[in-house]
Structures are given as structure tokens and as C-alpha cells.
Amino acid sequence: MRLLNDIVERAFMVVAGSLFAIFIACIFYQVIARNYLRISVGWTDEVALMCFVWSVFLGAAVAVRRQVHYVVDILPARFVTATNTLKLFGTLACIPVIYVLVVHGYTYTGMGWRRLSVSLGLPLAYVFAAIPVAGVAMVLFLAEVIGDDIRRLRAGTPPPPSDEVV
Amino acid sequence: AETLRVATVVSAPHPWIDAAEMFKEEVEANTDFTVEIFPGGQLGNDATVVDEMRIGTVDVMIGGVQNIAPFVREFEFFSLNYLFGNMDVFRAATEPDSEIFTFYTQQVADADVGLKLLALTGGGTRNLSTSSGPVTHPDDLDGVRMRVTGSSLDARTWGAVGAVTTSLPWTELYTGVQTGVVSAFESTISGYVGSRLYEVAPYHAKTEHQIMMSHISMATLRYDRLSDADRTAIETAALNAARHGTDMGVQYDGELIEQLGERGVTVTEVDKDAFIEAAAPLHEEYAETLGLTNLLETVRSMH
Amino acid sequence: MPPVLTLILSFLLFIALRVPIAFAIGLASIVTIFQLGIPLTSVVTQMFASINSFPLLAVPFFLLLGRLMNDGGITDRLLKFADASVGHIRGGLGHINVMVSMMFASLSGSGAADTASVGAVMIPAMKKAGYPAPFSVALTAASSVLGGIIPPSILMVIYGAFGNVSVGALFLGGIVPGLLVAASQMGYTYYVARKIGLRPEGSFSLCSMGRTGLVAMPPMILPIIILGGITTGVFTATEAAAIAVIIGLLLAMVFYRTIGIFALPKILSDSVIAYSLPMFAVASAGIMGWLIAYLGIARDVAEFITSVTDTRIGLMLMVGFFLLIVGTVLSPVTAVIIFLPIIQSIANSGGIDQVHMGLIVVLTLTLGLITPPYGICLLIATQIGEISMPRAFVAVLPMIAMVIAIIAAGVVWPALFLTLPWTLMPEAFGFR
Ligand code: NA
Ligand code: NA
């Protein structure tokens, strides 16, 4: 499980980082083309947006594994069992949302074959697919997190500080 | 009574809103439905609304056909400049017995994207506006940075007269013109006034290059569940609303153009023949690309 | 229960039960959609629709810029310069904290990056120098709100783009309130330092201020390029963010030589995580915003506010109050996207200038960064300072009050904020 997830996470990060680099380049090229090359470009913002959407969903999936999605802690850290229980609940509560991402994301991707992008004429299914793909990865990652949460609740060890990435 | 949700991206005053209101009035008078209008893109932009209609949460939409071209590519046809020589031809083309309407009803059904075309309507005339100075001839656009939609036809059309086109979202247009990222754009007259673009682009050229082809469509998910009587009532309401929308578009445009002077806008008449000449070569080429050569002939024969 | 109550109450409940915020919004929406009996596919439709938006691209750029500044040692150089300039005044470390945040704010569009990077250095240092931990945490968090007020500002870019308001005018309008907030926080720091009996430390030397200032100079040209490029039409506000990233990269890789080419992939992929968190929340908020429109709630709020008052000041204060509440649970970007339509219709009905309204809205929502339960800057600072949220909240209250006072002054006396944009960008205000 952990090995599989390690591979998925690594792959997602490589792809997402590259997408980010591509869309920075797109916007940069757009500015150069308009101001200095004086040529018309119509596809750059479309490509940039597609990369952006994919990278957001891939990043959001990895964030599930790293447990860095924003949470609000109301209880002080010294209530170990209560905090551990809430943590498990919070993790389990993600399941319905992830279910919707996978199942309805798949439906929506199917709908996307009949919606073409304005500039390049690509089916938006290629963009919508980011949602179910991220959803499936979230299932894998969440399974691992649930296991960790249950072990921690049993052992009574305090949860790790949620190190926010900002 | 069941509710029909009608979505449109514009806010009042706009011919589509008038059409929506007439639709509401007639449907509520002749059926058991209540109609709720969601203006201003509250339920999303047109592409999102089509997706919602396919899912079944929105029932009716009123908007420009170009915005649903991602789903029914043949609608790009109406992005051709100077397709309709005058308002009468446009009216004839949007009538339910016209070949155009019949053709597109079939196209929308064949595209299988959950839409049923109820009526074609007008959405006002499209003109050219600039911040750099008055435009009367295509040559005035040479080297001018112009905002177009992402569609490649738009880029080709305006590139053909020498403009350097850039695709900017409508939401960034005001600031884009203000700072000089672009100094020209084309839009409906109501869009020009409604988004206060005259503040930053005080030159308005009456190119009248398009009469905005617009549509009233219903979600097939809902349409298929209607009784025959309700279908007739709703289709009739849509047709009447569509005619009303076309009329209101003409009326608004006249009123708005008149007010532009008071707003400090320089309105220019243009050498239309020169613009038409520049646009003509694209007609046949694009009609062929879209497989609509016959339709182009039909439109031409209507003049 | 009416669907609107289901939506709001279940959202608050899930947040309290420690469900991650993006998922809490999604789950509350799913519950409400169940109650309405409409298909769940709308959830993904709206998630996609809400992030498929060009202006949002500014967010990753500004966050990456913040990251480059830390890894590239730019933040360190700003810290040294601040130390040389204000370190000798009573409450020196506190003043440095505020001043670095100001400089950071003129480079970055978000507050959270500032809290994390400046806080990591300043909070331990202030605690060691004898400042109470809650005060150190509160000041670090509160000074970070400058990130969204002093231009550039992600929130202003988004507000301007979605609301058809001049981003340049909003940027210019942010300068005076930004300086006022910073001045009030430095004044308060002086007061606290005096009360707890902290002595001034070190002495001022023009020479070392000049030396550190020279080293910190290159990054300070970034804001000039950003503002200059936008106002002269070389690029849009969104594009400006991308250009800033390219320049930031050049600074770090070529000028300071602090980041090597092999460090880039990790910086990029880490940044993806950093922006996917707020953007995934924006995606979820899209569903909630759509449901709010679908249920006609935004319209009801607008009707309620306009029924209570119709004066300019009254309307603006009501909007501000409403957004202060909203800002406690929603991120500023999310709140702008959901409520912008009603804010603008209220402004129109009251004859309020959209730039003025935009400034008040942005300032009020930025306060949401330091108000519990969901104030991201306060959350980060409490983690760094290892104190509980309630203690940090008490310490930050006076600073919240000062910002509110500045906002109120700007409502009552528009010229306070608007003189700069009136003078430099009169065309943004139409025919007044
Ligand atoms: Na800033
Ligand atoms: Na700070």
C-alpha cells in the first residue's frame, strides 16, 4: 500500500510540477508575443488554464496523503483521545466527497467528449478527467490515512502537528 | 407548481432579459409551471449552464449561439462577419419556418448534448470600439492590438484587416483597455455600455459586422417529460419571446447609440463596403471547413 | 429545515468536527443537494467551473514568488535591512516584524506566505527577547494582512477581474490603508514594549542601514516593475504575476546565486501543493456559491441589507459587517467569488463607487485571515508560536480593532483611501 502510494505521489508531483512550469511559460510567451513579437496568440491562456486545473487536482490529492488540507482545531492538543477521534472522523467524512469526485467526475468526463475547447477544439474530457483521476488517488491515500488514524487512536499517541504548507 | 429555471449571463436592460420575461409571462399564463429567471450568470457561464442542463438542474437558457459552439460546432457559422445584409434577412432566418431554423434544430438534436432548440432570437448588433482613435476604414486597424474571443475564426477575421489579436477574458477587458494591453475590441452595443467600456474606449465605430444570433433552448431531460399541451405552450411562448427579443435588441441599440454622444463617445460611420470586402473571403472558406456550404448558399439566396 | 440552513449549519458542524475545510464545504453541499433532490454531478461541474478561471492563475505565481524569496534568501536580506532601520527603536523586534511584512507585502500578494516565512524567524526571536508569546504570534499574524492590502494583492486582482473594477485603481487605493495599518501596529508595539519594560537595543547607524539597504534593493524593484507594467499596459495584472516570478527566478538564480537549477523541480512541485490547497477550497466553494445562487440566498441578503438602510455609509458598514462574519469561516478569495454579485448590486443601488466598495471589501475580508475559527495566518502563527488559538485570539483583538477603525475611517472619509487613485488613475472612476 505504502509503496504503491509512494509511487503515485512521486508521479503526481513530477507531473504537477511540470504542468506548473508549462503554464508559467505559456503566460510569459503570451506577454512576449503580444508586446515584442507582435503576433496573435489565442491558445496560451487555454493551455495555461488546462495545466492549472490538472495541477490543482493532482496537488489536492497529494495533500490528502500529506494531510495538509486546512483544518480548524478547536480542541487544545492535550485532549489526545478526543483529538484522535475527531481526526478519524474528519478523515472518514472525506469519503462521500471523494466518492462524488470519482463517480460523478467519471460521468462528467464522459460528458466532456461533447464539449470542445474554444481555441484548440480539444474535447474537455481531457481536462475533466483530472477530477476522477485525483479522486481515485485520494481513495488510495485516504485508505492509508485511515489506517494511521486508527492505529494512533488505539495507541493513544498524539496526532502529528498538521504542518501547513503555505 | 413545478419551477422552470431560466439562466442567462446578462443583466437588465438586455433583449435576452426582455425575452426571458415574456417567456415567463406566457408560460405561467398557459401552463402550471412557475418560471424563475437567473440573470447575470448567477448559475454560471453558458458552457457551465449547458452542463447543468445536461445534468438536469437548469431547464431553459437564453444566450448567444457562439457560446454553445463548444457543444454544437456548426454554430460557429454565425461568427462570420456580414452574414446577414440587413435586419429583415436576419428576422426571416430566425423564423420557425426558415431553413436555417429547421437545420439548427436538427443539428442541436444530433449533437446529443441534452439541448432542445426552442427558438432563435436576436441579441443586438456588434460594433467595434477603440481607445486609440476613430475608425472608419479597415486600414485604421493595421497593427492595432485587439481583443477577440479565443475562437480561431475571430482571430482570423480581425487578423485579416491587420489587427494583432489577443484573447482576453471579457472580465479583464475593461482593465486591459484602460492600461493599453489592447486598444480595440468588438462587442454588442449593450455590452459596450453595460460594462461601462465607453469610459476607457471612447471611440465607437458602427461596423455592424454581426447581428448577434441567439437562442432559447430547453433541457431535453425536461422537455421529454412535458405533456403535448405543455410542449405547445412552451414552444409558442419561446417563439413569441424570441420575436420580442429581436425587436427589443433593435430598439435598445437605437437608444444606446443615441446616448453615446452624451457619454462623451465619438461615434463614427464606417466604409462598410471595405469591411465587407475584407470579410468575404472567409465566408466560403469557413463554410467549407464547417461543412456548411449549402447553408451559406441558403443565406445568400435570402438577400 | 430550509435548505439554506442545512447548508450553513452542516458546514459549521463539519468544520467543528475537524473535517478539512475544502471537504467540509463539499460535504455540506452534498447534504444540501440530497435534500433538494437534484443530481450530485453538479458538484463536479461547479468545482471545475469555479477554478476554470484565468484570473486565478495569479495565485500560484504569487505563492511561488513567496517561496523563491525564502529559498533565495531574499527574505533574509529584507530582515537585515529592517533591523538596521528600525531595530534600535523601543520594541525593535516588533517593528522589524511589521516592517519586513510591509516589504514582503509589496512583493507578494498573499499574507499566508508572509506569516510562515517571517514568523519562523521572528516569533522565536521575539519570545527569546522577552515579548509575551501571544503578542509575538498576534503581531506576526496581524502584520501579514498587509500582504493582501499593500499592492500587489491576489484578492484585488480577483476582485477587479470578476467585478470589472480597475485593478490598478484598487492597487493604488491599497497603499494608504496599508501604511496606516503598519503605522498603527508599530505604535501598538511601542506601547506594549513600554508597558512590559523592554529596553531599546543596539544603536542606529546610517552606514549599516545604507549597506543592508543596497543589498535588499534588487528585490525592491519588483513592485515597481509590477505596478509599472500594469499601469503602462505591457501586461495585465494576471500576467504581471507571471513576470514577477520570472524576475524572482532571475534574482535568486543569477543575481544572488542562492537557488541552483536542480532545486527548481522541488520548488515547483512544492508550490503546486501550496496553491492546490486554497484552489481546491475555491473549487469546493464554487459548489456552495452555486447553491447559494440556486436557492436565491444572495438576492435575499441584498434585499435585507438594502431594506435596513439606504445611505452610502450605512450600506458600506452593513456590507463590511456581513463580510466580517463571512470572513471568519471563508477564505477571502472564496468569499469574494460567492458574494461579489450582491456586493456590486448593493454598491450600485447606493450610488457607491465600485473602487471604493472594492477597497472596503478587500480590507474587511483580509481581516478574515486573523479571525478564528478559520484565519489562516493566525492558524499558522499559533502553530509556530506553540500557543492555543484562544490566547492568540485575545492578543490579536486590539489589532483587529485598529484595522476595523481604519476601515471605518475609509468608509466615512473616502478621500483617505481614494486620493491616490483619483489623482493617478482618474479614468477608473468614469464621469464623476
Ligand atoms: Na501585497
Ligand atoms: Na508579519
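Modeller: A salt bridge is a Lys or Arg side-chain nitrogen within 4 Å of a carboxyl oxygen of Asp or Glu. This is a predicted model, in which local features need pLDDT of at least 70 and side-chain atom pairs pLDDT 80 or more, while totals for chains, interfaces and linings use all residues. Residues are numbered from 1 along each chain as written, chains are lettered from A and ligands numbered from 1 in written order, and side-chain values use heavy atoms, without hydrogens and water.

Biologist: Which residue meets B:Asp59 in a salt bridge?

Modeller: B:Asp59 lies in the loop between α2 and β3 (60-64) of chain B, and its partner in helix α8 (residues 220-223) of that chain, so the pair ties together parts 163 residues apart in sequence (helices, H or I, have at least four residues and strands, E, at least two, as DSSP runs). B:Asp59 is buried at 3% relative accessibility, and the partner is buried at 11% (buried means under 20% relative accessible area, with a 1.4 Å probe and protein chains only). With a closest N to O approach of 3.1 Å, the partner is B:Arg222.

Biologist: How far apart are the closest N and O atoms of B:Asp51 and B:Arg54?

Modeller: These two residues are three apart in helix α2 (residues 46-55) of chain B, which means that about one helical turn separates them. Both B:Asp51 and B:Arg54 are buried. They form a salt bridge whose closest N and O atoms are separated by 3.4 Å.

Biologist: Which residue forms a salt bridge with A:Arg151?

Modeller: The partner sits three residues away in helix α6 of chain A, about one helical turn from A:Arg151. The partner is buried, with a relative accessible area of 18%. At 2.8 Å from N to O, the residue that meets A:Arg151 is A:Asp148.

Biologist: How many salt bridges are there over all chains?

Modeller: One of them joins chain A to chain C, where the side chains of C:Glu239 and A:Arg34 meet at 2.7 Å, N to O. The count between chain A and chain C is one, whereas across the interface of chain C and chain B it is zero. A search of the whole structure gives a total of 26.

Biologist: What area is buried between chain A and chain C?

Modeller: The size of an interface is often given as the accessible area lost when the parts come together; here it is found with a 1.4 Å probe and summed over both parts. In this interface, 61 residues of chain A are in contact with 57 residues of chain C, contact being heavy atoms within 4.5 Å. Carbon and sulfur atoms give 79% of the buried area, which is about 5,600 Å².

Biologist: What area is buried between chain C and chain B?

Modeller: Here, 32 residues of chain C are in contact with 27 residues of chain B. Carbon and sulfur atoms give 55% of the area, which is about 2,400 Å².

Biologist: Which protein donors does the sodium ion (ligand 2) have?

Modeller: Donors are N, O and S atoms within 2.8 Å of a metal, or 3.2 Å for Na, K and Ca; water is not among the atoms, so sites may look incomplete. Along the chain, the donors of this ion follow the spacing N-x3-S-x38-T-x2-S. Two of them lie in helix α6 (residues 92-105) of chain C, four residues apart, and these are buried at 0% for C:Asn97 and 1% for C:Ser101. Lying 2.2 to 2.9 Å from the ion, the donors are C:Asn97 (OD1), C:Ser101 (OG), C:Thr140 (O) and C:Ser143 (OG).

Technical notes:
Buried area is the accessible area (1.4 Å probe) that two parts lose on being put together, summed over both. Buried means under 20% relative accessible area, exposed over 50%, partly exposed in between (1.4 Å probe, protein chains only).
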